[in-house]
Amino acid sequence: MTKNTQTVKLNSGAIIPVVGLGTWQATEKGAAANATKVALENGYRHIDTAAIYGNEEEVGQGIRDSGVPRSEIYVTTKLWNKDQRNAEEALNTSLKKLGLDYVDLYLIHWPRALKADGEVDTEWSYIETYKSLQKLLSSGKVKSIGVSNFSKSKLQKLLADPEVTVKPAVNQIESHPLLPQHELHDYLKEQGIIAEAYSPLGSTGAPLFKYETVTKIAAKNKVEPATVLISWNVQRGAVVLPKSVTDSRIISNLETIVLPDEDFEELNKLADKEGIVRTADPKWGGTSVFD
Ligand SMILES: NC(=O)c1ccc[n+]([C@@H]2O[C@H](COP(=O)([O-])OP(=O)(O)OC[C@H]3O[C@@H](n4cnc5c(N)ncnc54)[C@H](OP(=O)(O)O)[C@@H]3O)[C@@H](O)[C@H]2O)c1
């Protein structure tokens with residue numbers, strides 16, 4: 001088991017660390033600042049946050065408290081659905097909260113625009129939002145742009161637009177053995193778009209630890225179930241974003257192994273055996289974002 005300090009090159013030319021700290025639901029006072037600081041002090045160089053997580057100030061605090069130079073850290077934040085018509089203003093607000101001059105990666109959080117009252121903004125398209133992210137690149141305030149929760153068909157629609165001239169660098173998607181999304185991962189590889197795996201442990205409370213296949217593979221390889229799940233995503237070529245606010249878990253989640261082929265394959269097929277589980281499927285306007 002070794003600390004995973006691998007990086008991968010994005011289609012924007014930027015270099016992104018393969019394991020990043022997730023911060024969704026790190027909202028208890030001081031939690032995100034401490035998690036960020038502990039992560040950076042222990043070898044992480046990549047932090048994933050979002051405007052809607054409500055913790056950008058603390059992430060910024062954690063970065064400053066760690067003493068790690070800004071230039072060595074990869075920071076992602078995301079544009080919230082209600083701000084899709086005002087990306088520049090939303091980015092400026094995020095930067096101010098983070099206390100940073102730029103973010104390394106700015107993502108459209110979900111391909112669904114909402115009005116201030118929470119209703120779906122049917123007169124606005126995520127493609128327009130993406131075009132406004134493209135414009136932000138020249139400001140220097142974002143180094144790379146990308147999307148999140150985009151299906152293959154939504155990406156195809158986006159890439160087919162003649163005014164879309166910059167490919168998304170990443171698509172941040174739910175990715176764990178119960179939602180492997182093999183076809184989407186293959187499509188992203190074909191397109192040179194990096195998959196970022198969110199909820200790698202199955203999200204809140206790490207429910208994937210309950211599965212016998214996961215614990216069996218962990219015991220066989222003498223590692224924690226978390227290591228198995230994080231390593232599986234690394235092995236399929238994804239950037240992976242485990243979240244924890246617990247110091248010891250933050251530290252151990254950076255350690256990955258190379259899974260033996262038979263274990264990797266068994267995890268690839270876990271959803272065939274146990275059924276698919278998607279944990280994040282919000283239904284704004286009454287319908288799923290996923291098609
Ligand atoms: N783009 C999107 O729409 C989207 C959606 C969801 C998530 N994300 C991103 O992806 C990140 C990760 O996803 P997630 O937060 O849903 O879930 P996750 O990383 O799969 O799991 C987090 C849960 O696992 C626990 N945990 C972490 N490491 C552990 C370990 N070694 N042993 C035992 N338990 C452990 C955490 O507890 P403690 O924190 O209490 O230690 C927490 O309850 C998010 O934080 C966010 O940055 C993005």
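Here are some short exercises, with worked solutions, on the predicted model shown above.

**Exercise 1. The overall build**

Task: Find how many helices and strands the protein chain has, and what box its C-alpha atoms fill.

Solution:
- Start with the secondary structure: the protein chain has 11 helices and 12 strands.
- Next, turn to the extent in space. Along the principal axes, the C-alpha atoms fill a box of roughly 50 × 45 × 35 Å.

**Exercise 2. Checking for a compact globule**

Task: Decide whether the radius of gyration of the protein chain agrees or disagrees with that of a compact globule.

Solution:
- First, take the expected value: for 291 residues, a compact globule would have a radius of gyration near 19 Å.
- Then take the value for the protein chain, which is 18 Å.
- Put the two side by side: they agree.

**Exercise 3. Inside, outside and across the sequence**

Task: Work out what share of the residues is buried, and how contacts are spread along the sequence.

Solution:
- Of the 291 residues, 55% count as buried.
- For the contacts, consider those between residues at least 6 apart in sequence; 75% of these join residues at least 24 apart.
- To finish, look at the outside: the accessible surface is about 12,600 Å², and carbon and sulfur atoms account for 50% of it.

**Exercise 4. The charges**

Task: Find how far apart the mean positions of the positive and negative charges are.

Solution:
- Count each kind: there are 34 positive and 38 negative charges in the protein chain.
- Compare their mean positions, which are 1 Å apart.

**Exercise 5. Two helix residues, T36 and K131**

Task: Say for T36 and for K131 whether the residue is buried or exposed, and which residues it touches.

Solution:
- Locate T36 in helix α1, residues 31-41. Its relative accessible area is 0%, so T36 is buried, the cut-off being under 20%.
- Leaving aside residues up to four places away in sequence, T36 touches L21, I47, V59, G62 and I63.
- Now find K131 in helix α4, residues 126-136. K131 has a relative accessible area of 12%, so K131 is buried by that cut-off too.
- With the same neighbours in sequence left out, K131 touches D161 and E163.

**Exercise 6. A residue in helix α11**

Task: Classify D272 as buried or exposed, then find its distance from D117.

Solution:
- D272 lies in helix α11, which covers residues 270-274.
- Exposed means over 50%, and D272 has 65% relative accessibility, so D272 counts as exposed.
- In sequence, D272 and D117 are 155 residues apart; in space, their C-alpha atoms are 40 Å apart.

Methods. Residues numbered from 1 in each chain as written. Predicted model: local features only at pLDDT ≥ 70, side-chain atom pairs only at ≥ 80, totals over all residues. Heavy atoms only, no water. Helix = DSSP H or I, 4+ residues; strand = E, 2+ residues; numbered from the N terminus. Rg over C-alpha atoms; globule rule 2.2 N^0.38 Å. Buried < 20%, exposed > 50% of the residue type's maximum accessible area, 1.4 Å probe, protein only. Contact = heavy atoms within 4.5 Å. Areas by Shrake-Rupley, 256 points an atom, 1.4 Å probe, with all protein chains shown as cover. Lys, Arg positive; Asp, Glu negative; His and termini not counted. Charge placed at Lys NZ, Arg CZ, Asp CG, Glu CD.
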